[in-house]
Each structure stands twice: as structure tokens, then as C-alpha cells.
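Biologist: I should like to learn how to read the features of a structural model. May we take them in turn?

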Amino acid sequence: MKEILVWAELRDGRLTGVALEIMKKALDLATLSGGRVSAVAIGRECRESAAELVAHGAERVFVVEDARLDLYQADAFTKILCRLIGEIRPGIVLMGGTSVGADLAPAVAARLGTGLTAHCTDLRIEAIEGLDQLVMVVPGWRGNMMVKIVCPEKRPVMATIRPGVMERGRPEPSREGEIVAVSPDIDEKDFRARTLERVRESEESALEQAKIIVSGGFGFYEAGGVALLDQLARALGAVTAGSRPACDAGWVPESRMIGQSGRTVSPDLFISIGASGAPHYTTGFAKSKLIVAIDKNPKAPVFDIADFGVAGDLKEIIPALVEELEAKE
Amino acid sequence: MPLNILVCIKQVPDPEQFDRITLDPATGSINRAGIPPVTNPVDRHAVEEALRIREASGGTVAVLTMGPPQARKCLEDALAMGADRGVLLCDMAFAGADTLATAAVLAAGIRSAGDFDLVLCGNESVDGATGQVPAQLAEALGWPRVTYARKIEIAKEAATALVEREIEEGFLRVEVRLPAVIAVVKRINRYRLPTIFGILEAGKKEIIEVGCAACECAGLVAEAMGLAGSPTRVAGVFQSHRKRHVEMIGGEPKEAARGLIRKLKEMDAL
């Protein structure tokens, strides 16, 4: 486990949030096991990101720059990463579980013939059968259980990390690291699947950056709460989101669905309204600083993971909250 | 140009009943008894997409699954939707597989079942939920891949497909050479339900069984199958402890609202 390699994904030439979240965890693991952290950045222009990765603890950053690699190119990225891993021979490879990482990591693992664990929410080193092993924790059965996965023999051990669940570290400008330029070494054959363009449809990052999120479940919408949710969000300066059933019913866009198959968020304040609190939903916000649950059923499991709870008729409570918030302005 | 399409599907415990899964704290084993098996939800959309491509450009649709004998049921359901034939990968040697070993066996099964221009999958299963198999299957076949597909257009000469691939904040337009593996998301289509006629017809369609020997003939060694071919292991299962100590705020709605806002201000959250 001496060397940990982090694939630091770029979007629009900038590091994704999850890349920095992984850096912190990689650094913690390296400290425990006496190893070091390296990172790899692939894109059109990666120098600034490389410096940022150094400030976040990377001792070496491998930079693969090429205008053809501005957008995600599945074949080319797979080839580059496999070659680098073959040369660096890290014990552990960590990648962000974005929709891109979730495509790239399994292909790389398959080509290397090694094990990969998806969407990890925690990484630890534990002694198992007398050996210190990397234990990868993943939510199983839609979050009803947590499963510990190990990869006893094959190296590197690979894992994708769920965005939004790990804490980001502080950059320290005094840190020093080596930046290594690597030739991409790709040609036409490496574009069997070619990404032609990226089309933007929404600003999803709003959800990750929100300090306050108000999330509606099926019960709330059933009570006619669509407009009410927006009103409450406005009064709080919050961003709206919803549970899987609310999303399936078309009340909330898929991009704002909270939970196991949707987004994981950890705002300062998360307010869940009219959702009973199935594990695959609550897993998406369980790490929020403060959680408020409002539901008609006082025995709903959502109250088990909340700091404050209000049980009662949503059609009365929500307008009262809006009124109270607006009165104070 | 007609296309020969194969769709990989999976039988899973009904996800609506996952909360009935319990953990035996003594043995650490999962109890999922009594939960009925269903076809993995997004896989139906993959079958539907294959049928639509066949309707537009001709060709055939085969469906394939790896699983115990009772997984035949999800093949029958796909045949009733309109698929032409089924392939059941069934052998004790396949049991205990992680995604790498699963992909290896799927690829061998596909090779032994015929020549295909396109393999479709659901983007992920609800039980394992790793979403790793489609990309690993593409690697095992030596084909290119596109995952998270929400729209597929086959070019007239059937040499390429133009795919809209979902990504955070939008989508990527990807052109992929065939043969390829494409994994679809639910929003790609609305799938049809089997008709009575379809169900009757399904009974006449062929389901072939492929075991370990046929996979070996297709070039896969037994050591690469099942548990033996799986680099990862489950080291344990535990119940997630996320409990917080909730403070319930009671009273009339107005009172509760005021009480809650006061608490949040005290916590500096507003």
C-alpha cells in the first residue's frame, strides 16, 4: 500500500470537488500506512490543477495534456490510466464516482485484471486474517446495510468514491511536490467511442454548494406542496430537492433527487418534508450538519436521523413556517 | 442494415421490498427469504430499446442472463415483450462472482451464443448497484462502450451509433463504432408490457442453456469464473448507524414553526 494514486477528474479545466475529497482521505491513509500520495490529471490544460493537487498533499502529479482530451474520451482515458498504473505500480488507486469515473474505473480495473469497489463511502485500514488490508465500505441493498469489501491479492486495489461523502482537506501552499509531464501517446485507434461535444442542461452544482436544502417526499407533494416547497425554499434562501418517489412522479428533476441512486449532499441544514425516511433516501443526506424532519407520522424512521422533528399536518406547518420566516425579515 | 442485438438482463430481489432484508448479527449473513425475484427495472428499458431498433432497422434480439435456473423467468418475460430468443448462463461454477468474473462469463456466453453487432445492458442493477458490469463486459469483449445512454440512434449503414450520454449538468454526444456495448438509463424510453399474444408466443421461443464447458470453448478458463475469478471479497456486513437524538418540537402548527425557527437560530443554522 506504499503508493496511493488518485485520478483527479477535471471538468472545464478545473478539479472536481470529489477529487479533493479523495485527496484528503488518501493522505490520511498514506499517513497511517507510511506511504505517499500521487495524483494524475488528464485534460487540455492541467498545470493549475496540478499545483492545487500538490497543495492538497500530492507528492507527485502526473499531468497528461492534449487538446483531444478536453472532454471525456472513454477509450483514450482508459489506455492512458492503464499505462500509468503499469508504470507507477501503486498499491491503491482511488477515483471519483462521478458518471465519468463510474465508466472509466471499471474498464481500467478489467483491463488490469484487478478488483474494484464502487461508490465507497468510507475507506479504512483493518487487520483481516492477520493482514493489514484496505477495507472499502459501501452501502448495500439501497442503503439498508453497509458492506465491507476487500481485495486480498490483486494489486492495485481500486475504488470509486461517492462524491459528497468525504471531507475535503485544506490546501497548504507550503507543500511541495513534483509535477511530471506525461505524453498521452494516443492515436485514432483510441477513439472508437468519440465524445463530440458536451451539452449543458442545468446547473447541478447549485445543490452541492447550497448551505440549506429543502427536500420534499411523496407525502408532501401528495398534500399539494409543490408551490409550497418553492415558497419555503425562497423564505429560507434554500435550494429544493426531493426523494425518489417525488422524482418518479415528475415533481423534482432527476438531477435533484437525493439518495442512494441520486445525489449525496451535506449542507449546513437539510430539511426533509413528507418523506418517511427509507434508508436509500436518508443515506443521501445523513452527513448534513443539521437535519430537520417534518412528517405527518410521528413514528416515521426519518426522525431517527434528525436533530429536530415536527410531526403534524404539513399543509398547516409549512405555511406557518413561511409566515414566521417572512415576518422576521 | 439489420442488426443482431443481444441484451443482458438480470434477475434481482424486488427492490420495493429491500427493507425486508435483515442481517443476522451472529453469522453476518443476509436474509432475503420471501422477497420475490423480478427483472432488474432498468433492464426492461434495455430490452425495449433493442426491440425499437429491430423495428426500425430489422435484425434480431437475443436476451441473456446469468443466474440460477429460476432466472429463466426474466428471459421468458423479455421473450413475451418481443425478444426472439434467450440464453441462460447457468452453472455452479459461475456462483459467487464479483463484477470482473461476471463480465468475463457474460462475454464468453455472448461469444458462444452468436455474432452480435450491439450489446445493450441496463446501466446498473438495483441489488449490487455497482454499475461496473457494462464497462467491464466491453473490455472482456474487446469492444468500445458507452454507459449512461439516454438516446441511441443507429447510423444508416449500421457502422456507428450516435449516443446521448448523461453526465452531471447535461449530456455528452458520443459517436461509437459498432460492435459496442451500450448501457442505458431509464429515461431512454417507456417500455411496453407483454400482450397475451406475446406471452403465448414466448412459449414457442427457444432458450438455450450455456454452462461452464461452453464458456471454456469460448476461450474462458474456469479459474476466471465465479468466486475463483473474483478479486474482491465481502469481508463483512453491518447495519448502518446513523441515528441522531431527535428533539421533537410540539404544539400547534404556529407554535411548532416558531419553536423550530428559534432552535435553528440558536444553532446558527439560519
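Modeller: Let us start with the domains of chain A in this predicted model. The C-alpha centres of domain 1 of chain A and domain 2 of chain A lie 33 Å apart. Domain 1 covers 3-191 and domain 2 covers 205-328.

Biologist: How many residues of domain 1 of chain A are in contact with domain 2 of chain A?

Modeller: Nine residues of domain 1 of chain A are in contact with nine residues of domain 2 of chain A. On the domain 1 side, the residues that touch domain 2 comprise three nonpolar, four polar and two charged ones.

Biologist: How should I read the interface between the chains?

Modeller: The size of an interface is often given as the accessible area lost when the parts come together. Here we may count residues instead: 74 residues of chain A are in contact with 64 residues of chain B. Strand β13 of chain A (residues 193-200) gives the largest share of the side of chain A that touches chain B, namely eight residues. By class, that side of chain A has 41 nonpolar, 13 polar and 20 charged residues.

Biologist: Which strands of chain A and chain B are joined by five bridges?

Modeller: Strand β10 of chain A (residues 145-150) and strand β14 of chain B (residues 233-238) are joined in this way, and they run antiparallel. One position to find in the display is Ile149(A), which stands opposite Val234(B) in β14(B).

Biologist: How do I describe the packing of two helices?

Modeller: One states the angle and the distance between their axes, then the residues that meet. Helix α4 of chain A (residues 101-112) packs with helix α4 of chain B (residues 133-141) at an angle of about 40°, and their axes are 8 Å apart. Because of that angle, α4(A) is oblique to α4(B). The crossing of α4(A) past α4(B) is right-handed.

Biologist: Which residues of α4(A) meet α4(B)?

Modeller: From α4(A), Asp103(A), Pro106(A), Ala107(A), Ala110(A) and Arg111(A) take part. Their partners in α4(B) include Ala135(B), Gln136(B) and Glu139(B). The residues of this contact divide into six nonpolar, one polar and three charged.

Biologist: At what angle do α3(B) and α4(B) pack?

Modeller: Helix α3 of chain B (residues 99-113) packs with α4(B) at an angle of about 50°, with their axes 8 Å apart. The two helices are therefore oblique to each other. The crossing of α3(B) past α4(B) is right-handed. Among the residues of α3(B) in the contact are Leu100(B), Leu106(B) and Ile110(B), while those of α4(B) include Val133(B) and Leu137(B). By class, the contact of α3(B) with α4(B) has 10 nonpolar, three polar and no charged residues.

Biologist: How is a sheet read?

Modeller: One follows the order of its strands and their directions. Six strands form an open sheet here, in the order β15(A)-β14(A)-β16(A)-β17(A)-β18(A)-β15(B), and the pairing is parallel. The edge strands, β15 of chain A (239-242) and β15 of chain B (247-248), each pair on one side only. Within the sheet, five bridges join β14 of chain A (residues 212-216) to β16 of chain A (residues 269-273). In this pair, Gly216(A) stands opposite Ile273(A).

Biologist: Which helices pack on the sheet?

Modeller: Helix α7 of chain A (residues 226-236) touches β14 and β15 of chain A, and its direction makes about 170° with that of β14(A). Helix α7 of chain B (residues 253-266) also packs on the sheet, touching β16, β17 and β18 of chain A. The direction of this chain B helix makes about 170° with that of β18(A).

Notes
Residues are numbered from 1 along each chain as its sequence is written. Chains are lettered from A and ligands numbered from 1 in the order in which they are written. This is a predicted model: local features need pLDDT of at least 70, side-chain atom pairs count only at pLDDT 80 or more; totals for chains, interfaces and linings use all residues. Axes are lines fitted to C-alpha atoms, for helices over the stretch in contact, and angles run from 0 to 180 degrees between N-to-C directions. Helices (H or I, at least four residues) and strands (E, at least two) are DSSP runs, numbered from the N terminus. Angles under 35 degrees count as roughly parallel, over 145 as roughly antiparallel, 65 to 115 as roughly perpendicular and the rest as oblique. A crossing is left-handed if the near helix is turned anticlockwise from the far one by less than a right angle, and right-handed if clockwise. Two residues are in contact if their C-beta atoms, placed from the backbone, lie within 7 Å. Ala, Val, Leu, Ile, Met, Phe, Trp, Tyr, Cys and Pro count as nonpolar, Asp, Glu, Lys and Arg as charged, and the others, Gly among them, as polar. Two strands pair if DSSP finds at least two bridges between them. Domain bounds come from an automatic or database domain assignment.
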